[in-house]
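This report covers the cores, strand pairing, pockets and one loop residue of a single protein chain. The sequence and the structure are shown first.

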Amino acid sequence: MTYSLLTSEEKSANNSQFSRIFDGKNFVYSFYVSEDIVVASADHSTIKRIKAASRYISSATEEQKDSEAGPRLYLELARYGDLIYDPYRKIYYRFAYPKVDLDRNMNWWGKAVYGRKKFSFLILDKDFQVIGETLFPEGIYNSFVFLVNKDGLYISRDYQVGMGNQSDDYMTFERFELVSKK
């Protein structure tokens, strides 16, 4: 697998990050600058791009310039994030980060470990079709710290940027259940 499968617009965004999971049958890639996911057979002999776009992101290809503002831009620009496989429910979750404006007077170096201020996650079925998307309230959850368990998806409630009520002594998670809207 190489970056050659990205479009020239995606490559020009200057962000080569991606996540990769193996679901027992396929490797599934989520490039942070692409609305598509890439599904590859275990031996990578078959590779296909599948649309998995967020309704909250018009484009994830705005260029991330290398500058002093780099850490802030990393947390501001619209991007996609990790893709997670939930083996208990046979679905996938893909994080999406809409564009936000952050305080330009704050030093953003080292703040990325707390996740992004605003995010959603897409829910994809076993055939990689988007079946839902949930937008989370801003500034509560650390979208970079999560786990899947038999009883649901857990996301950390420890977004510490600008929040005075957090403690370094505890990690707090909230469990989310998949609920049908039928």
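The text below takes up the nonpolar cores, then the strands around β10, then the pockets and a loop position.

## Nonpolar cores

The model is predicted. Its largest nonpolar core comprises 17 residues. Those with the most contacts inside this core are V28, I37, Y92, L124 and F128. Four strands give two or more residues to the core: β3 (36–41), β5 (79–86), β6 (91–97) and β7 (120–124). Of these, β5 makes the largest contribution, with three residues.

V28 can be followed further through its contacts. Once neighbours within four places in sequence are set aside, V28 is in contact with S19, R20, I21 and D23, with I37, V38 and V39, and also with L83, Y92 and F128. Among these partners, I37, Y92 and F128 are also listed with V28 as having the most contacts inside the largest core.

A second core, separate from the one just described, has 13 residues. Y93, F95, F121 and F176 are among its members.

## Strand β10 and its partners

Strand β10 spans residues 152–156, and five of its five residues are buried, so the strand is mostly covered. β10 pairs with two strands, which are taken here in turn.

The pairing with β9 (residues 142–149) is antiparallel and runs over five bridges. The two strands form a hairpin with two residues between them. One of the bridges joins N149 to G152, the latter in β10.

The pairing with β11 (residues 173–176) is also antiparallel and has four bridges. Here I155 has E174, in β11, as its bridge partner.

## Pockets

The two largest pockets are set side by side below.

| Pocket | Volume | Lining residues | Nearest the centre | Lining by class |
|---|---|---|---|---|
| Largest | about 400 Å³ | 16 residues | I123, G132, L178, V179 and S180 | nine nonpolar, three polar, four charged |
| Second largest | about 220 Å³ | 14 residues | K25, N26, V39, K126 and F128 | five nonpolar, three polar, six charged |

Which strands supply at least two residues each to the lining of the largest pocket? They are β7 and β8 (130–135). The largest share of that lining, four residues, comes from β8. In the second largest pocket, the largest share of the lining is three residues and comes from β3.

Some names recur between the pockets and the core. F128 lies among the residues nearest the centre of the second largest pocket, and F128 is also listed among those with the most contacts inside the largest core. V39, another residue listed nearest the centre of that pocket, is one of the contacts of V28. Strand β3 gives two or more residues to the largest core and three residues to the lining of the second largest pocket. Strand β7 likewise gives two or more residues to the largest core, and at least two to the lining of the largest pocket.

## Position D101

D101 is located in the loop between β6 and β7. Is D101 buried or exposed? It counts as exposed because its relative accessibility is 62%, and the cut-off for exposed is over 50%.

Leaving out residues up to four places away in sequence, D101 touches E76 and K117. D101 is also 28 residues from L73 in sequence, with a C-alpha to C-alpha separation of 9.1 Å in space.

Definitions and conventions: Residues numbered from 1 in each chain as written. Predicted model: local features only at pLDDT ≥ 70, side-chain atom pairs only at ≥ 80, totals over all residues. Heavy atoms only, no water. Core = buried A, V, L, I, M, F, W, Y, C linked by side-chain atoms within 4.5 Å. Buried < 20%, exposed > 50% of the residue type's maximum accessible area, 1.4 Å probe, protein only. Contact = heavy atoms within 4.5 Å. Pairing = 2+ DSSP bridges. 1 Å grid on protein atoms, 1.4 Å probe; cavity = no way out; pocket = protein on both sides within 12 Å on 5 of 7 lines; lining within 4 Å. Points joined across faces, edges and corners; volume = space filled by probe spheres on them. Nonpolar A, V, L, I, M, F, W, Y, C, P; charged D, E, K, R; others polar.
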